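Reader: I am new to this structure and would like to learn how to read its features one at a time. Could we go slowly, with the general idea given before each case?

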Amino acid sequence: MKLKRTPLATTAVLLCASLAVLPQANAESAPATVPTTAPATAVVGGQTSGDSLFPHQGNTGYDVQHYDIDLAYAAGGSITATTTIDAVTTGEPLSEYSLDLEGLTVDAVSVDGTAAPFTRVTDEDEGIHKLVISPTTPVSDAFTTQITYSGTPTAHTDPDGSMEGWTSTTNGAVALNEPVGAMTWFPTNNTPTDKATFTTALTVPYNAVLPFLNRTAVSTGVLDSVTTAAGTRTFTWEQPHQQAPYLALAAIGRYTSAEGSVALTEGTTEEWSYANTVIQGTSGFANRRAQLSPMLQAIERSYGTYPGASIGVVVDTSTLGYALETQDRPYFETTIGQNTLIHELAHQWFGNAVSPTDWSDIWLNEGPATFIATQVEAELYGGDSTEDTYYDLWDSTAAGSAFWTTPVAGFDDPADLFGAPTYNRGAMTLEAMRSALGDDAFGEIMRTWIERYAGGDASTAEWIALSEEISGRDLTAFFSDWLFETDKPAWPSRWTLDLSTAPAPGATLDPEDPFSLTLSATNVGKVAQTGSVVTLDATSLLAQADLGALPGSVTLDGTTLTWAVPDNAVGATTEVTIPATVKTEPPSSNPVTLEAYAETLGATCGACNAALEINAPQQIQPAPTPTIAGTLRLDRQLTATVGPWPAAADLTYQWLRDGAAVDGATDTTYDLTLADLDARMSFEVRGTQEGFLPTTRTSEPTDRVGKGVQSRRKRPGIDGTARVGRPLRALVPARDAGTTTTYQWYAGKKPIKKATSRWFTITKKQRGKRIRVQTATTKTGYLDVVKVSKRTKKVKKRT
């Protein structure tokens with residue numbers, strides 16, 4: 001917490017092309033050999049991480065794995081230091097890359113043990129403080145950079161006018177870095193998106209004769225060693241967890257120290273706490289240390305295991321005006337307030353374990369920390385609840401107040417980063433979420449955020465996506481209202497949805513029994529409940545029962561019942577009752593299952609599920625499925641096999657044509673008719689038996705019924721003499737009833753034109769040819785019969 005904090009949503013980042021190669025203003029460079037020519041594949045690392053508020057901070061092309069800071073502090077305030085950085089490239093080899101370092105004098109740079117040329121690029125107006133390194137050989141994969149530097153560090157001035165980075169205290173110094181002050185005392189990739197582990201060795205003057213003059217040096221993680229040499233003492237701190245540069249700490253002063261262990265929900269964590277000896281007695285140091293265990297355990301109960309490597313506090317005499325959540329060991333100025341302590345401890349989860357992707361996401365640090373401070377104070381020390389606290393703040397802040405004019409997320413002025421509205425509106429947004437989504441979903445979102453992103457960073461967009469994933473809701477409008485817009489949002493209603501039945505759930509109903517279901521909404525929130533909508537899946541209900549007249553506020557669309565909940569005052573309950581009756585012949589004994597669902601936000605289910613058992617008769621057993629045998633042609637007979645039904649069952653039969661009943665076809669055999677042509681036939685058995693439901697079984701449909709075959713198929717004969725001018729007559733054998741016969745006379749192999757009747761008179765053209773006749777017999781629904789007569793003798797000339 002930095003006096004004021006602002007949540008910011010992820011915003012589109014516009015990267016200036018000019019950042020690729022920064023202006024060489026105020027350049028400071030080391031004499032060195034000319035670097036060898038870089039391979040064609042080597043590239044220049046980017047000089048911005050792309051942050052929307054601090055576009056000149058951070059660098060790309062590599063990922064820092066570990067910082068080893070070896071810093072010696074002199075009594076006059078100057079330092080000499082070496083920082084060794086282990087990193088890996090994230091793409092092509094780098095012929096040049098950058099770090100952020102403000103002030104100080106760089107004495108030497110080496111890359112993988114070889115001296116490397118470097119350039120300092122500074123533009124105070126733009127906030128550019130780059131150490132540009134050009135290794136003699138491009139770096140690829142893992143590489144190590146060592147920077148030796150010295151001087152007197154100076155504080156960095158933030159856009160809001162506050163100070164950060166290295167600052168002097170009464171008898172030492174403290175380095176607090178949020179958002180970009182880390183670069184005032186060690187070279188860094190100054191972005192919260194590039195976390196690393198740290199070794200921080202801080203060396204201070206040591207006087208064996210006058211020990212009260214000696215200083216202690218404090219950082220994050222665990223105290224690995226304290227070594228004393230001639231005139232100096234070195235405190236080495238190891239941070240084994242991923243840590244953003246802004247959460248690093250250097251605190252040097254004459255401190256009262258306290259070491260031990262702090263009980264967590266499971267196990268303990270080591271404690272190293274420090275207070276300036278001048279204010280130790282008035283700072284609340286002892287009392288607040290005693291509260292560490294209950295506070296941490298309270299946070300753990302809601303948000304999971306403590307994520308730090310150790311715990312502790314540092315309280316000193318700086319004049320910065322704020323406390324800060326430096327990792328594992330928050331820093332406090334002069335005194336430690338109870339609420340502030342909880343706030344900074346909560347940051348160990350929100351902000352430290354999960355850091356912001358962009359500084360415009362900072363509400364994801366400050367909103368939860370502010371909210372949790374209120375929550376834990378209420379739980380442990382009797383403070384107001386989060387709902388009372390943030391609703392009262394919302395209610396008492398006029399719509400025209402400047403409190404609403406800066407969005408919680410998405411602002412573009414870095415001076416708003418630590419504005420007071422961000423802390424409170426961030427916490428207010430979380431309380432609005434809790435009201436809108438319910439305690440369970442809200443708690444799961446908060447815990448999953450830590451579980452999923454701990455050790456890395458995450459954005460507002462990812463927060464929204466996670467909230468929608470867990471709640472199952474479209475929260476676009478909600479977050480637009482609470483995070484991005486600049487007017488006072490409406491406070492969400494909070495209500496309990498209940499579903500009851502008469503008789504009570506679990507009762508067994510008989511056919512034709514009446515029953516009812518009642519939906520109720522109870523307003524348990526702070527504002528009137530308006531516009532609420534409840535739906536109920538009525539699939540099971542409609543299958544087993546018939547609905548009565550629906551109340552005016554209830555509609556049925558398909559199988560969905562919808563209740564438009566009337567406006568409901570705070571503390572009031574409104575309800576609606578829907579009547580129904582079990583069907584005369586319910587299809588089964590499956591229960592009527594009911595589940596109510598709130599389509600609108602704000603609802604928590606009391607009892608949203610109910611089931612009523614149906615005492616429906618069972619179907620007859622055994623009830624085999626019939627089968628069909630026979631030839632699928634007209635005039636053929638099909639036979640159905642019914643199977644072994646109980647002797648007491650009365651059976652009726654019905655043949656089906658393409659699923660529709662065939663009139664009069666109620667026996668186990670069936671003669672196919674013209675109406676069945678091209679249809680699929682099936683057979684249905686319906687059984688009735690006292691004490692059982694009517695039971696129907698239907699065979700599988702047959703293939704399609706084909707055409708019939710004519711039974712009379714003899715070929716025709718010819719009557720007459722084969723002479724020119726003589727008539728011939730086709731002699732046609734008897735044919736099936738309903739047939740039609742056509743004719744075609746042939747002379748040799750060729751058909752005779754227009755000779756298509758039963759009679760034919762021979763002409764000169766047929767002289768010397770043999771004559772025959774072809775008949776085609778057709779009948780609707782049957783295959784045609786085509787037959788040819790025997791040939792006559794050769795046609796002779798006329799006599």
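Author: Let us begin with a single residue in this predicted model: Asp719 has a relative accessibility of 37%, and because buried means under 20% and exposed means over 50%, Asp719 counts as partly exposed.

Reader: With which residue does Asp719 form a salt bridge?

Author: The general idea is that side chains of opposite charge can pair when their charged atoms come close. In this case the partner of Asp719 is Arg729, and the closest N and O atoms of the two are 3.4 Å apart. The pair links distant parts of the chain, for Asp719 belongs to strand β43 and Arg729 to strand β44, ten residues apart. Arg729 has a relative accessible area of 24%, so this residue too is described as partly exposed.

Reader: In which sense do β43 and β44 pair?

Author: In general, the strands of a sheet pair through backbone hydrogen bonds, and the pairing is either parallel or antiparallel. Here β43 and β44, the latter covering residues 727-731, pair in the antiparallel sense over three bridges. One position to look for along this pairing is Gly717, which stands opposite Leu731 in β44.

Reader: What is the order of the strands in the sheet that contains them?

Author: The sheet is open and has three strands in the order β43-β44-β47, with antiparallel pairing. Its edge strands are β43, at residues 717-719, and β47, at residues 759-761, each of which pairs on one side only. On average, neighbouring strands of this sheet are turned by 30° against each other, when direction is ignored.

Reader: Where does Gln766 lie, and with which residues is Gln766 in contact?

Author: Gln766 lies in the loop between β47 and β48, the second of these strands spanning 771-778. Its relative accessibility is 6%, and so Gln766 counts as buried. When its neighbours within four places in sequence are left aside, Gln766 is in contact with Ala747, Ile752, Phe760, Ile771 and Val795.

Reader: I would like to return to the charged pairs; how many salt bridges does the structure hold?

Author: The structure holds ten salt bridges. One of them joins Arg289 and Glu271, whose closest N and O atoms are 2.5 Å apart. This pair also links distant parts of the chain, with Arg289 in helix α1 and Glu271 in strand β20, which covers residues 268-276, at a separation of 18 residues. With a relative accessible area of 25%, Arg289 is partly exposed, whereas Glu271, with 3%, is buried.

Reader: Are Glu387 and Arg494, which meet in a salt bridge, buried or exposed?

Author: Glu387 counts as buried at 12% relative accessibility, and Arg494 is buried with a relative accessible area of 19%. Their side chains meet at 2.7 Å, taken from N to O. Glu387 is in helix α4, residues 386-396, while Arg494 is in the loop between α8 (476-484) and β25 (495-502), 107 residues apart.

Reader: Why is helix α2 said to be largely enclosed by the rest of the structure?

Author: For helices in general, an α-helix has 3.6 residues a turn, so residues three or four places apart point the same way. In α2, which runs over residues 338-346, seven of the nine residues are buried, so the helix is largely enclosed by the rest of the structure. The buried residues are Gln338, Leu341, Ile342, His343, Glu344, Leu345 and Ala346. What covers them includes α1 (285-303), β22 (331-333), α3 (363-381) and α5 (420-437).

Reader: Which cysteines form a disulfide?

Author: A disulfide is recognised by sulfur atoms within 2.5 Å of each other, and the count here comes to one. Cys605 and Cys608 form the link, with their sulfur atoms 2.0 Å apart. The angle about the S-S bond is -100°, and the link is left-handed. Cys605 counts as partly exposed at 45% relative accessibility, whereas Cys608 is buried with a relative accessible area of 5%.

Reader: What pLDDT does the protein average, and where is the pLDDT below 50?

Author: The protein averages a pLDDT of 93, and 95% of the residues score at least 70. Over residues 3-36, however, the pLDDT is below 50, although this stretch has 111 contacts in the model beyond near neighbours in sequence. Where pLDDT is low, the predicted coordinates should not be read in detail.

Methods. Residues are numbered from 1 along each chain as its sequence is written. This is a predicted model: local features need pLDDT of at least 70, side-chain atom pairs count only at pLDDT 80 or more; totals for chains, interfaces and linings use all residues. Side-chain values use heavy atoms; hydrogens and water are left out. Two strands pair if DSSP finds at least two bridges between them. Helices (H or I, at least four residues) and strands (E, at least two) are DSSP runs, numbered from the N terminus. Axes are lines fitted to C-alpha atoms, for helices over the stretch in contact, and angles run from 0 to 180 degrees between N-to-C directions. Buried means under 20% relative accessible area, exposed over 50%, partly exposed in between (1.4 Å probe, protein chains only). Contact means heavy atoms within 4.5 Å. A salt bridge is a side-chain nitrogen of Lys or Arg within 4 Å of a carboxyl oxygen of Asp or Glu. pLDDT is the predictor's confidence in each residue, from 0 to 100.
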